Amino acid sequence: PEGMPKPERVEFLGRVSSASDFLDTVRVVPLVSQGGTGVQLKTIEAFQSGLACVASASSLRGIAHLPRNCRRANDPITFAAALTDLVIQSRSGTNVRIDGAEFLRGQRAAFEQGLMDGLASVSNTAQSAEGLEGAHDGAIVGERIDQ
């Protein structure tokens, strides 16, 4: 934004025409979110592209399983150290990028498992309720109180 303060050694070059093309050129992505609600779309995009990243807890909300090339860091010193370490690894020839489809497969599997668990729970509850319906055989199950 216009008028945004910046350190002396920082130069803004303008907006990028394509976020995905830009991300293809980086070594590591810092994922920082200070607030908001819900899952962060840019975090999901970084994970699905397989990019190495360092993420704050806020940028990871709603995400249960992190890709193996993502580091969680909340304080500035730990965050900077994790970014520096991943960049050094990348510059030394270590491939810090992974197959992003692995994250997507894991998300789909967790979603499907959650659906199956939910359906099983509903089914078990319905079966338990059916079993209770015939269990009273004339016994008083509840009392009616007239006022």
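These questions and answers cover the sheet, one helix and the nonpolar cores of a predicted model.

Residues are numbered from 1 along each chain as its sequence is written. In this predicted model, local features need pLDDT of at least 70, side-chain atom pairs count only at pLDDT 80 or more, totals for chains, interfaces and linings use all residues, and side-chain values use heavy atoms, with hydrogens and water left out.

Reader: What is the strand order of the open sheet?
Author: Strands are DSSP runs (E, at least two residues), numbered from the N terminus. Two strands pair if DSSP finds at least two bridges between them. The open sheet has three strands with parallel pairing, in the order 1-2-3.

Reader: Which strands are the edge strands?
Author: An edge strand pairs on one side only. That description fits strand 1 (28-31) and strand 3 (70-72).

Reader: How many bridges join strand 1 to strand 2?
Author: Strand 2 covers residues 52-55 and runs parallel to strand 1. Leucine 31 stands opposite alanine 55 in strand 2. The bridges joining strand 1 to strand 2 number four.

Reader: Which element gives the largest share of the largest nonpolar core?
Author: A nonpolar core is a set of buried (under 20% relative accessible area, 1.4 Å probe, protein chains only) Ala, Val, Leu, Ile, Met, Phe, Trp, Tyr and Cys residues joined through side-chain atoms within 4.5 Å. The largest has 12 residues, including Val29, Ile44, Phe47 and Cys53. Strand 1, helix 2 and strand 2 each give two or more residues. The largest share, three residues, comes from helix 2.

Conventions:
Buried means under 20% relative accessible area, exposed over 50%, partly exposed in between (1.4 Å probe, protein chains only).
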